[in-house]
Amino acid sequence: MRPFLQKTLNVKENELNAVLLMLALGFFMGIFVATYSVASTGLFLDNFDEQRDLPIAFILSGVVGVISTYLYSYFQKRVHYERMVIVFALLMMLTIILFRAGFAYLDDEKTVVFTGFIFVGPFTT
């Protein structure tokens, strides 16, 4: 199977694992971004005022996005690609688990919805 994938993807043997990881990450990230952005945007619009709260959420999302982009580029120079992808995917999964736990255990769901919406941009990036 490996020789078939190497030939199909036109990669060397030592590159195959990284390429397969990148393809899997792209596939699952696409599904994740589509479902997460629709759900969190819908929840945000159901719970908050677009005129008052949306600009604040966009600004905070931009700040979180800049910080996360800086961290990603910082670690990209220092950590092997495969390890970095796995760590960042695990961090995203942990964040989603924390959001889900917030819905289950916190009395104020609006805070979870607002925070979840702020993370749409950084997760997409």
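Let me begin with Val113, a residue that you will find in helix 5, and I should say straight away that what we have in front of us is a predicted model. Val113 has a relative accessible area of 5%, so it is buried. What, then, is Val113 in contact with, once we leave aside its neighbours within four places in sequence? The residues in contact with Val113 are Leu43, Phe44, Asn47, Phe48 and Phe103. If you take one of these, Phe44, you will see that Val113 and Phe44 are 69 residues apart in sequence, and yet, from C-alpha to C-alpha, they are 6.0 Å apart in space.

That brings me to the aromatic rings. In general, a pair of aromatic rings is described by two things, namely the distance of the centres and the angle of the planes. How many aromatic pairs does a search of the whole structure find? The search finds 14 of them, and I would like to walk you through two.

In one pair, the ring centres of Phe27 and Phe28 are 5.1 Å apart and the planes stand at 75 degrees, which is over the 60 degrees needed, so this pair is edge-to-face. Are these two residues buried or exposed? Both Phe27 and Phe28 are exposed.

In another pair, Phe44, whom we have already met beside Val113, is stacked with Phe117, with 4.2 Å from centre to centre and 20 degrees between the planes. Because Phe44 belongs to helix 2, which covers residues 16-47, and Phe117 belongs to helix 5, which covers residues 109-118, this pair ties together parts that are 73 residues apart in sequence. Here Phe44 is buried, and Phe117 is buried as well.

Please also look for a group of rings, since Phe32, Tyr36, Phe99, Phe119 and Phe123 form one aromatic cluster.

Let me turn now to charged side chains. Phe48, which is in contact with Val113, has the charged end of Lys110 sitting over its ring, 5.5 Å from the ring centre.

As for salt bridges, a search of the whole structure finds one. Which side chains meet in it? They are those of Arg52 and Asp53, at 3.1 Å from N to O. With a relative accessible area of 55%, Arg52 is exposed, whereas Asp53, at 10% relative accessibility, counts as buried, because buried means under 20%.

To return to where we started, then, Val113 is buried in helix 5, and Phe117 in that helix is stacked with Phe44 of helix 2.

Methods. Residues are numbered from 1 along each chain as its sequence is written. This is a predicted model: local features need pLDDT of at least 70, side-chain atom pairs count only at pLDDT 80 or more; totals for chains, interfaces and linings use all residues. Side-chain values use heavy atoms; hydrogens and water are left out. Rings of Phe, Tyr and Trp (its six-membered ring) pair if their centres lie within 6.5 Å; planes under 30 degrees apart count as stacked, over 60 as edge-to-face and the rest as tilted. Buried means under 20% relative accessible area, exposed over 50%, partly exposed in between (1.4 Å probe, protein chains only). Helices (H or I, at least four residues) and strands (E, at least two) are DSSP runs, numbered from the N terminus. A charge sits over a ring if NZ of Lys or CZ of Arg is within 6 Å of the ring centre and within 35 degrees of the ring normal. A salt bridge is a side-chain nitrogen of Lys or Arg within 4 Å of a carboxyl oxygen of Asp or Glu. Contact means heavy atoms within 4.5 Å.
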